[in-house]
Every structure is written in structure tokens, then in C-alpha cells.
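Colleague: I would like to learn how to read the sheet and the ring contacts in a model such as this one. Could we go through them in turn?

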Amino acid sequence: MRKRLNRLFSLLLALGLLAALTAPVQAGAADAVAISSVEDFQRFGKNCALDTWSRGKTVRLTADLDLMGVEFAPIPTFGGTFLGQGHTISGLRVTAAGSTQGLFRYIQPGGVVQDLTVRGTVAPAGTRSTVGGIAGDNAGTLQNCAFHGTVQGDRAVGGIAGRNSAAGQIIACAASGSVSGESAVGGIAGRSLGLLLKCENSAGVNLTQTERDVDLTDMDAGAALEERAAGEDAYHLLSGCADTGGVVGWSSGVVQSCVNTGAVGYPHVGYNTGGIAGRQS
């Protein structure tokens with residue numbers, strides 16, 4: 001009888017070990033990241049240099065952060081869920097040369113950033129295309145986020161995102177301060193192929209701009225115009241900014257239930273300027 005019980009116990013123990021080895025791995029502490037200090041945030045940014053690192057992770061901001069005087073590089077790419085939990089990141093300053101700039105450079109498809117407020121300046125040097133306060137290029141979801149400050153660039157410049165892709169969603173976000181650029185400039189998004197829903201802008205958009213004069217007698221003028229005209233209108237290249245909107249500069253997506261209370265444009269002729277959208281395709 002005792003032998004039978006021992007065999008039964010051994011069998012049950014073996015089955016238990018087998019079940020433990022073959023059971024699916026449950027999400028644990030490795031999938032949860034808490035950020036409570038500037039040092040945590042800098043470490044998080046370095047980890048995001050690998051585009052797969054953030055996927056499946058939930059990142060929680062547990063305190064307000066001040067980046068004033070801190071050496072900070074924009075977060076390269078993010079594909080997880082970033083929960084700001086109502087906290088504010090202030091003192092952001094992005095001025096290094098390059099395109100696709102913001103607090104986050106790229107938000108991947110499926111990536112989410114929500115309940116976050118950012119204060120600061122995003123004004124890169126160099127090519128300066130695809131520039132936003134929260135994200136340079138968004139292919140995920142930005143929800144209930146706000147940017148307060150200055151955003152400056154050249155093409156595709158927005159208070160929240162420079163470019164919102166076809167898969168991108170910007171929902172219930174707000175911007176204030178000033179946004180300026182030369183082509184596709186909007187208070188919320190510069191260029192949007194996706195969804196802008198229930199967003200509100202109070203930032204001034206392209207309130208001042210220096211008109212550019214091109215000397216057409218210059219032998220290189222034609223070549224310069226041809227080189228720069230890819231996807232742009234010739235009148236913009238010859239004159240000033242084009243496609244300026246209070247919510248979005250150039251949209252081929254959906255703009256729904258959005259509000260603009262900011263001033264838009266400066267006194268000049270034409271070039272697609274609108275209180276909500278500069279150009280809606």
C-alpha cells in the first residue's frame with residue numbers, strides 16, 4: 001500500500017514539474033518599468049535605442065521630471081505603453097541637428113503614450129523636418145497628452161507630432177505656445193495621414209515668417225528648385241510658408257471634433273492657410 005502511495009506521489013510530482021516547464025510565461029516585473037527620476041528617464045531612453053526593447057512593456061511615470069540643464073537626447077523609438085499618469089516633464093530642450101525630433105522620435109505601430117504633459121522647446125538645427133513636441137513621427141496612439149512651449153522646424157512641424165502616419169491616432173491632445181515652419185505646419189500635427197480626434201490647439205501657428213527670394217537669373221536656381229520641389233509646391237519655394245493650419249497643416253486623414261483658438265498665419269498672399277487645416281486632401 002505504501003509503495004503504491006509513493007508511486008502515486010512521484011507521478012503527481014513529475015506531472016507538476018512538467019506542467020510548470022510547459023506553462024506559458026506570464027508577464028512579470030521585466031515587462032513593467034517605473035520612472036521616478038531623471039536618471040531613470042535617461043536610462044529608459046538609452047534602452048529604447050533598440051527598437052524591440054520597449055515592445056510589450058508598460059512604462060509608468062511616477063513623478064514630475066525637470067530636464068532643465070540635463071543632457072538629454074530624444075527617445076529614439078518606442079513600441080510599448082507609456083503611462084504619464086498625469087505627470088509633467090518640463091525643461092525639455094531639443095536643439096541638436098537632425099530630423100524626426102521630439103520627446104519621442106518615433107512611436108511605433110501599437111505604441112501608446114497617454115496622460116502626459118511636456119513643457120519646453122523643440123527647435124533642432126539642420127534639416128529640421130518632421131518635428132513635434134511629443135513625437136517626431138507617430139504611428140501609434142497619443143492620447144490625453146499636452147505640449148506647452150515652442151516647436152520650430154522646416155517641413156512637417158506640429159505642436160504634438162510632426163507627422164501622424166496612416167496608422168497613427170492623436171486623441172484628446174492639446175498644444176499651446178508657438179509652432180513655426182515652412183511647409184505643413186499645424187498646432188497639433190504638421191502632416192497627418194491618420195486620425196486627429198477631439199484635439200485642441202491654442203498655440204500661435206506661423207505668426208511671423210521671413211519671405212524668401214530666389215534669384216531666377218542664378219544658373220543654379222533651377223536646379224535648386226527642382227531638388228527641393230519633391231512633394232512641395234513651387235510657389236512655396238519661391239515665397240514663404242505653405243499649408244499652415246490651426247490643427248493640422250496638411251491632412252489626408254480624418255480631422256474630427258477638433259478646436260483651434262490660436263492665431264494662424266501672417267499677412268501674405270495664398271499658400272493654403274486655414275483655421276483648422278491648411279490643406280485637406
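Modeller: Before the sheet can be read, one criterion is needed, namely that two strands count as paired if DSSP finds at least two bridges between them. Please also keep in mind that this is a predicted model.

Colleague: With that criterion, in what order do the strands of the open sheet run?

Modeller: The open sheet has eight strands, paired in parallel, and the order is β1-β2-β5-β8-β12-β16-β20-β25. Within that order, strand β12 (residues 141-143) and strand β16 (residues 169-171) run parallel and are joined by three bridges, and Q143 stands opposite I171 in β16.

Colleague: Which strands stand at the edges, and how much does the sheet twist on average from one strand to the next?

Modeller: The edges are formed by β1 (32-35) and β25 (254-256), and because each has a single partner strand, one side of each is left without a neighbour in the sheet. From one strand to the next, the twist averages 10°.

Colleague: Which strands does helix α2 lie across?

Modeller: Helix α2 lies across β1, β2 (58-61) and β5, and runs at about 135° to β1.

Colleague: Turning to the aromatic rings, how many aromatic pairs does the structure hold, and how should the geometry of a pair be read?

Modeller: The reading rests on the angle between the planes, where under 30 degrees counts as stacked, over 60 as edge-to-face and the rest as tilted. The structure holds eight aromatic pairs, and one of them, formed by F44 and F78, is edge-to-face, with 5.8 Å centre to centre and 70° between the planes. Since F44 belongs to helix α2 (residues 38-47) and F78 to strand β4 (residues 75-78), this pair ties together parts that are 34 residues apart in sequence.

Colleague: Are these two residues buried or exposed?

Modeller: F44 is buried, with a relative accessible area of 2%, and F78 is buried as well, at 0%. F44 also pairs with F82, and because the centres are 5.8 Å apart and the planes at 40°, that pair is tilted. Here F44 in helix α2 meets F82 in strand β5 (residues 81-83), so the pair ties together parts that are 38 residues apart in sequence. F82, too, is buried.

Colleague: Which residues do the ring pairs link into a cluster?

Modeller: The cluster consists of F41, F44, W53, F72, F78, F82 and F104. W53 has a further contact, in that the charged end of K57 sits over its ring, 4.7 Å from the centre. Elsewhere, R279 lies over the face of W250, at 4.0 Å from the ring centre.

Definitions and conventions: Residues are numbered from 1 along each chain as its sequence is written. This is a predicted model: local features need pLDDT of at least 70, side-chain atom pairs count only at pLDDT 80 or more; totals for chains, interfaces and linings use all residues. Side-chain values use heavy atoms; hydrogens and water are left out. Rings of Phe, Tyr and Trp (its six-membered ring) pair if their centres lie within 6.5 Å; planes under 30 degrees apart count as stacked, over 60 as edge-to-face and the rest as tilted. Helices (H or I, at least four residues) and strands (E, at least two) are DSSP runs, numbered from the N terminus. Buried means under 20% relative accessible area, exposed over 50%, partly exposed in between (1.4 Å probe, protein chains only). A charge sits over a ring if NZ of Lys or CZ of Arg is within 6 Å of the ring centre and within 35 degrees of the ring normal. Axes are lines fitted to C-alpha atoms, for helices over the stretch in contact, and angles run from 0 to 180 degrees between N-to-C directions. Contact means heavy atoms within 4.5 Å.
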